[in-house]
Amino acid sequence: MSFMEKVGTIWKRPGEDVVPKDEVPLWLKYGARALGTCGGGIAIFLGLWNCFSILLGGVECLLSGMWQMIAGFVVIVIEAPCCCFFIDFVHTFSDWADKRPFWHRAVFYVSIGFPPIVMCIGISSFFGGGLIIGCGVLYGIMALGKKAPLEEMRVQAAQQQLGNSNKSNLNLVENATSISISPPPV
């Protein structure tokens, strides 16, 4: 059993299909899940750090820290429900989120990662929210899907080049010639 198979059995959920339905690379799928789990934990810690800014009178950073802690908790609930097994609804919410397309998670993670950065501009909010946004970006990459085979891409490129060569030379100005070829003025 290889190392990745061992990691896969650790992260496997009950009732999950043995054969994946999509063609997402294993390293990308588990990388996004690991980034979400670790990033959510770091976001919670850094959100708590932002909340201590109330001692200096920064109400914006308090709200940013609270938002970041909630966002980190939601990401951990979705990505690693085993970390929150003591809460009843976690598995049903996580299973519901797993059935959604990847682009739903991408949009959700990016949208909950930006408000802490906008509310309180600082390294802790930028790093905590950035990890959540990074997880969303990975899910966005997964939503794009697998690249086409090389032969298919070559055929598409050849068709596009043939289509462009059949058209007349499109310029912004018609009948324009380059300076070096044009005759001298009379």
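# Walking through the structure

Asp-98 is partly exposed, with a relative accessible area of 27%, on a scale where buried means under 20% relative accessible area, exposed over 50%, and partly exposed in between, taken with a 1.4 Å probe and protein chains only. The model is a predicted one, in which local features need pLDDT of at least 70 and side-chain atom pairs count only at pLDDT 80 or more, whereas totals for chains, interfaces and linings use all residues. Residues are numbered from 1 along each chain as its sequence is written, and side-chain values use heavy atoms, with hydrogens and water left out.

The protein chain has 7 helices and 0 strands, where helices (H or I, at least four residues) and strands (E, at least two) are DSSP runs numbered from the N terminus. Of its 186 residues, 30% count as buried. Among the contacts with a separation of 6 or more, 64% are between residues 24 or more positions apart, a contact being a pair of heavy atoms within 4.5 Å. The accessible surface of the protein chain comes to about 13,000 Å², of which 70% belongs to carbon and sulfur atoms; such areas come from the Shrake-Rupley method with a 1.4 Å probe, and for residues only the protein chains shown count as cover.

Asp-98 leads into the charged interactions, of which there are 3 that count as salt bridges, a salt bridge being a side-chain nitrogen of Lys or Arg within 4 Å of a carboxyl oxygen of Asp or Glu. The side chain of Asp-98 meets that of Arg-33 in one of them, at 3.7 Å from N to O; since Arg-33 lies in helix α2 and Asp-98 in helix α4 (residues 90–99), this pair ties together parts that are 65 residues apart in sequence. Arg-33 itself is buried, with a relative accessible area of 11%. Asp-98 also meets Arg-105 in a salt bridge, at 2.1 Å from N to O, and the side chains of Arg-105 and Glu-79 meet in another, at 3.1 Å from N to O. Because Glu-79 lies in helix α3 and Arg-105 in helix α5, that pair ties together parts that are 26 residues apart in sequence. Glu-79 and Arg-105 are both buried, Arg-105 with a relative accessible area of 7%. Arg-33, Glu-79, Asp-98 and Arg-105 are thus named together as one network of salt bridges.

Tyr-139 connects this network with the nonpolar interior: leaving aside its neighbours within four places in sequence, it is in contact with Ala-32, Arg-33, Glu-79, Phe-102, Arg-105, Ala-106 and Tyr-109. Tyr-139 is also among the residues with the most contacts inside the largest nonpolar core, together with Val-75, Tyr-109, Ile-112, Ile-132 and Met-142, in a core of 15 residues. Such a core is a set of buried Ala, Val, Leu, Ile, Met, Phe, Trp, Tyr and Cys residues joined through side-chain atoms within 4.5 Å. Helices α2 (26–51), α3 (59–79), α5 (102–119) and α6 (123–144) each supply at least two residues of this core, and α6 gives the most, with 4 residues. In soluble globular proteins, nonpolar side chains tend to be buried together.

The chain is also joined covalently, by a disulfide between Cys-61 and Cys-120 with an S to S distance of 2.0 Å, a disulfide being a pair of cysteine sulfur atoms within 2.5 Å. Cys-61 is in helix α3 and Cys-120 in the loop between α5 and α6, so that the pair links distant parts of the chain, 59 residues apart. The torsion about the S-S bond is about 70°, so the disulfide is right-handed. Both Cys-61 and Cys-120 are buried. Cys-82, by contrast, is in no disulfide, and the nearest cysteine sulfur, that of Cys-83, is 4.3 Å away; Cys-82 is exposed, with a relative accessible area of 55%.

Ser-64, also in helix α3, is buried at 0% relative accessibility. Not counting residues up to four places away in sequence, Ser-64 touches Asn-50, Pro-116, Met-119, Cys-120 and Ser-125.

On the surface there is a nonpolar patch with about 1,300 Å² of accessible area together, whose residues include Phe-45, Trp-49, Ile-54, Trp-67 and Met-119. Patches are made of residues with over 30% relative accessible area and no salt bridge, where like charges are joined within 9 Å and nonpolar side chains (Val, Leu, Ile, Met, Phe, Trp, Tyr) within 5 Å. Helices α2 and α3 each supply at least two residues of the nonpolar patch, and α3 gives the most, with 4 residues. Ile-54 is found in the loop between α2 and α3 and, at 38% relative accessibility, counts as partly exposed.
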